[in-house]
Structure formats: C-alpha cells, structure tokens
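Thank you all for making the time this morning. I would like to walk you through one structure, going slowly enough that you can follow along on the screen.

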Amino acid sequence: METTNIRLAEAATISIRPAQPSDAPLVAAMHERLSSTTLYLRYLRPYRPSPEEIEQMCRLSPTEGAAAVAVVERPTVAAPPQVVGFAYYLVDVTTNSAGEPAFLVEDRFQGYGLGRLLFQQLSRLALAQGLLRWRLLVEAGNERMLRLVRHSGLPYQSHVSYGTVEIDLMLN
C-alpha cells in the first residue's frame, strides 16, 4: 500500500499509510477523542474496542485483510504524530472474493475527504489481492458513509433492514 499525503487548510499535513502494530496506541487514543455519535455510527452501538482488538486490526496478515491510518504529521519533532483516521477490511473467508471494510475519521477531521482517501486506498489494495466486492453494513443515518458509497463511481446494490443499510459494492 502506498503512502498518500494531503495538506489541509490549517497547514497540517496528513499521511495515509499502511497501519503498523506500533500504531495501535495511537488508534486507541483517537477512539478516546471521538464523539459518542461517531462511535455509534461506526460500531452501531455504544462501543470502544479494546487495545487488544485494535492491535489485532493493526497486524492483519494479507490473507486476513489490511488496515490504513491517517496520521497528522507534526511540524516539530517535539509533537508526536497523531492518528486521526483508521480504516481496515477483513476478507470474507467463506468466499475469499469479498471483504468487509470499516472507516473511522476523528470528528474534527471529518469533511476533508479523509474517508474517501482511505476508501480508495483500501479498495486498490483489495483489488490487488483479488477481492471483487465490499459488503458494508451502514447505520441508515450515516449520511457521510452513504454519500461516500453513492459517489464512489462503483456499482452497488443496497437495501434497508432494521435501521441499517446493507450494501454490496463491486470493486471492479
């Protein structure tokens, strides 16, 4: 997975790169900064993953899936890097041709296109690994994620079931 750099209006540079096991504490710290609404839209319930669960997502093998982080690069050495976005997918082991992605962007960095960039990065990697589609379960009120799917340029089918939208999105 390649590294992508973007520059925000606030003069911050954000790098999107593959997640590493050493990112797990930074991803856990990001979860502590998230609003309850953002957590609910991601996990469909009030939930914070354990440090062990986060570490597992940061160490996925290629047969299990892949993960990426969006990191604010600090202009000074004294300021540590800060993860402000995290995305991963898990390969559906029953088919090995589909994956279930998950995207999370810190509240104050939403609306800058980080989710779209994380989506594109993971989609390219999934295609290179032979995956053909994403299977997503999205809270019906999660307009940003639904807009991301609608504007992805990729064909998809969806239906609403019990307050969630089940989406089957073709990657090629």
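**Contacts that join distant parts of the chain**

At 31% relative accessibility, Arg33 counts as partly exposed. Please keep in mind throughout that what we are looking at is a predicted model.

I begin with Arg33 because its side chain forms a salt bridge with Glu106, in which the closest N and O atoms are 2.8 Å apart. Arg33 belongs to helix α1, residues 24–33, whereas Glu106 sits in the loop between β5 and α4, so this pair ties together parts of the chain that are 73 residues apart in sequence. Is Glu106, on the other side of that bridge, buried or exposed? Glu106 has a relative accessibility of 2%, so it counts as buried. The pair is also part of something wider, in that Arg33, Glu106 and Arg108 are linked in a network of salt bridges.

As a general point, side chains of opposite charge can pair when their charged atoms come close. In this model there are eight salt bridges, and I will mention two others. One of them is formed by Arg135 and Asp92, with 2.5 Å between the closest N and O atoms; since Arg135 lies in strand β6 and Asp92 in the loop between β4 and β5, the bridge ties together parts that are 43 residues apart in sequence. Arg135 itself is partly exposed, at a relative accessible area of 32%. The other joins the side chains of Asp168 and Arg133, at 3.2 Å from N to O, and here the partners come from strand β8 (residues 164–170) and strand β6, so that parts 35 residues apart in sequence are tied together. Asp168 counts as partly exposed at 27% relative accessibility, while Arg133, at 18%, counts as buried, the cut-off for that word being under 20%.

Charge also meets an aromatic ring in this model, for the charged end of Arg45 sits over the ring of Tyr47, 4.1 Å from the ring centre.

Let me turn to rings that pair with one another, of which the structure holds four pairs. In the pair of Tyr89 and Trp134, the ring centres are 5.0 Å apart and the planes meet at 55°, so the pair is classed as tilted. Tyr89 comes from strand β4 (residues 82–91) and Trp134 from strand β6 (residues 133–139), so the two rings tie together parts of the chain that are 45 residues apart in sequence. Tyr89 counts as buried, with 0% relative accessibility, and Trp134 is likewise buried, with a relative accessible area of 0%.

Phe103 and Phe119 make another tilted pair, with 5.7 Å from centre to centre and 40° between the planes. This one links strand β5 (residues 98–105), which holds Phe103, to helix α4, which holds Phe119, across 16 residues of sequence. Phe103 is buried at a relative accessible area of 12%, and Phe119 is buried at 4%.

That brings us to helix α4 itself, residues 114–128, whose 15 residues reach 21 Å from the first C-alpha to the last, close to the 21 Å expected at 1.5 Å a residue. Its buried residues include Leu114, Leu117, Leu118, Phe119 and Leu122. After the helix comes Gly130, with a positive phi near 95°.

Where do these pieces come together? In general, nonpolar side chains in soluble globular proteins tend to be buried together. The largest nonpolar core here has 32 residues, and those with the most contacts inside it are Tyr89, Trp134, Ile167 and Leu169. Among the elements that each supply at least two residues of this core are β4, β5, β6 and β8, but α4 gives the most, with six residues. Ile167, for its part, touches Trp134, Leu136, Val138, Leu146 and Val149, among others beyond four places away in sequence. A second, separate core has 19 residues and includes Ala24, Val27, Tyr43 and Leu104.

I will finish with Thr38, in helix α2, residues 36–43, which counts as buried at 9% relative accessibility. Which residues does Thr38 contact, once its neighbours within four places in sequence are left aside? They are Leu104, Val105, Asp107 and Gln110. Tyr112 lies 74 residues from Thr38 along the chain, and the C-alpha atoms of these two residues are separated by 16 Å.

Notes. Residues are numbered from 1 along each chain as its sequence is written. This is a predicted model: local features need pLDDT of at least 70, side-chain atom pairs count only at pLDDT 80 or more; totals for chains, interfaces and linings use all residues. Side-chain values use heavy atoms; hydrogens and water are left out. Helices (H or I, at least four residues) and strands (E, at least two) are DSSP runs, numbered from the N terminus. The expected span of a helix is 1.5 Å times one less than its number of residues. Buried means under 20% relative accessible area, exposed over 50%, partly exposed in between (1.4 Å probe, protein chains only). Rings of Phe, Tyr and Trp (its six-membered ring) pair if their centres lie within 6.5 Å; planes under 30 degrees apart count as stacked, over 60 as edge-to-face and the rest as tilted. A charge sits over a ring if NZ of Lys or CZ of Arg is within 6 Å of the ring centre and within 35 degrees of the ring normal. A salt bridge is a side-chain nitrogen of Lys or Arg within 4 Å of a carboxyl oxygen of Asp or Glu. A nonpolar core is a set of buried Ala, Val, Leu, Ile, Met, Phe, Trp, Tyr and Cys residues joined through side-chain atoms within 4.5 Å. Contact means heavy atoms within 4.5 Å.
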